[in-house]
Amino acid sequence: MSTAPAMGQPAAASPVAPPSGRTGLLVVPAVLVAVALVVGGLLSGPAVLGLVLAVAGLIVLVAFQATLWSRQRRLAGDLQRSQSSFRTLVKSSVDPVVILDGGLRVTFASQAIADLLGLDPACAVGAPVVAAVHPDDRSAVLDALRGSPSESGELAVRTARARHADGGWRLIQATIRDLRADPDVGALVLYCRDVTPRVPATGIDPDLHEFSLTDPVTGLPNRAALVRRLGAVQRGAGGPFSLALLRISGLATEILAPDTETAVLRALTARLTRALRGEDWLARGTDGDFVVLVVGSTADAEVVAARLVAAVGPVPIPGGSLRLSAVAGVTTLCADADTGETLRRGDLALRSAATAGPGSVHRYDDALCTEEDRRATLRTDLTGALARGELRLVFQPVVDVVMHRTVSVEALLRWRHPLFGDVSPTEFVPLAEESPLITDLGRWVLREACATIAALGDAGPHDQALSVAVNVSARQVRSGELVPDVIHALETSGLSPSRLVVEITESVLLDDSHVIEDLTVLRRLGVRIAVDDFGTGWSSLAYLVGMPVDVLKMDQYFLSDVEHDPARRAMCRVVLQLGASLDLPVIVEGVTNEAVLTLLRDMGHRYVQGYVFARPLEAAQLAAGAWDMSLPLPGALPEIPAAAS
């Protein structure tokens, strides 16, 4: 006896009994044999023989009927248990389940639909699903329902307004799965969840308010909805709850058409939705991040985050695939932290994971908060550091290992904080680059460096005047004020333009045309242009040919394990050969030991900079002549014949 009608369940959407198999094939022959025996017995001559045949026929009929009855009872039991399991699974689902036929009519709705839309599930059966959808949203919903399924059978995740029995609208997020090929279902299945904001804003159109809380591309709740949800969770009882923030990398690696980018984001949304548990809640955060409210502890959130990170990978796009990766940060929702603080902690964990590299999942701890507080203090104090006299320049010699002498120095900025002591440039320079402060610091460094070197005079050992190299930030170059800043520094110090080297990064060469024009003007004045950290960015002959460049500085990245790694040594030779082919000298940065120095010299590298010669010199040491490296170099380099000089 089937229970499907009581549930409003169609035959196609419920488990069905398997075919009867051999028993069905034997029905007709068995009946014919039994009837023949009975009739033959009745018509046969001898009474005893007729009776025997009739009894045998009846026995065959009774035995076969008993076999059919037993098999039917077993199949009915299997079907009942299968349907019972189906009902139990559907009823235990937190989210409502709706099943549609080929005409997109409702053939089944779980009991949870009553809580979602206030409808009796039996009354929903037979109605077109779009009848409950807001007219403005029907087109998008129909497109999703009629779309092509993925390999997993999932079509899309869509958010739309659905009418409630009270006449209002609810914002419903549905994951659509195509199970028409499944013989036990044979239909489209919608897994729905209510994402309607619980506290409507007074005085605002409800429809506008609902859509103000929805990300238009993915259909997920946006940051405003996330903040509301977190506030409600933290004010309510129960828990624990945690937060997982996911950042996708690779979307900006190439320029995508708007419709392609939208398709990629929706594909990612579908993947992430499949990776979630039923009780988890997915939303969009700031800067395109995904945020998941996880029911459970931080450990649970780490498990969920790891699944989300693993779900991200190559996404098919027209003409190929887009390689994507992800990192995640997790934190617990604590009673002592409001919504803003919770999101800040999650963001700190996310940034820590991003620093560790693709695929990382980090949880928040107090050390991250301490580090962020330090960054905030440094960011604030850096503004007045110059006026307070906390900044100074030191000078790193660049040595010609062939001529055994220093040919230039690089001006390096240092900060001695009154509380933290010496702060590394790798820590405070990125903070300065976040604001226009970096341009002000750049002007000061130019003036101070030129003045310090000019004070040494024009004469030096071997009649070689010392030059100075100054790093210039991309922001200062792009500001269009670099040429006036350099001219002012040269005029106020009296330094010859030929003794100044302006160092820029490779990416600056790809900027607007005015950047190339400004660099060309500086070269005409006699200032030399160096490409800093060469080999780690956009290096190629195509970029460098015809560019206003005089010097290449090879990044110390190439020196990592260069003594033992043949590939590193090959790269060092390639950079040297590239410079030679363009008639540009190459300066190797970061040389710290004699073994690497000897290796580079044997390759043919001539200009070297690093601790193997000297630590950065203070201005007073520079004035005292400590920059002169005309003494024998480390490694007892052989003397150069006089004729060679």
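The following questions and answers concern nonpolar cores and ring contacts in a predicted model.

Local features need pLDDT of at least 70 and side-chain atom pairs count only at pLDDT 80 or more, while totals for chains, interfaces and linings use all residues. Residues are numbered from 1 along each chain as its sequence is written, and side-chain values use heavy atoms, without hydrogens and water.

Reader: Which helix gives the most to the largest nonpolar core?
Author: A nonpolar core is a set of buried Ala, Val, Leu, Ile, Met, Phe, Trp, Tyr and Cys residues joined through side-chain atoms within 4.5 Å; buried means under 20% relative accessible area with a 1.4 Å probe, protein chains only. The largest has 73 residues, and Val468, Val486, Leu500 and Val591 have the most contacts inside it. Helices are DSSP runs of H or I, at least four residues, and strands are runs of E, at least two, numbered from the N terminus. With nine residues, the top contributor is helix α15 (residues 437–454).

Reader: What is the geometry of the aromatic pair formed by tryptophan 415 and phenylalanine 428?
Author: Rings of Phe, Tyr and Trp (its six-membered ring) pair if their centres lie within 6.5 Å, and planes over 60 degrees apart count as edge-to-face. Here the centres are 5.7 Å apart and the planes are at 85°, so by that cut-off the pair is edge-to-face.

Reader: Which parts does this pair tie together?
Author: Both residues are buried. They are 13 residues apart in sequence, and because tryptophan 415 and phenylalanine 428 lie in separate elements, the pair ties together strand β14 (residues 405–417) and helix α14 (residues 425–433).

Technical notes: Buried < 20%, exposed > 50% of the residue type's maximum accessible area, 1.4 Å probe, protein only. Phe/Tyr/Trp six-rings, centres within 6.5 Å; stacked < 30°, edge-to-face > 60°.
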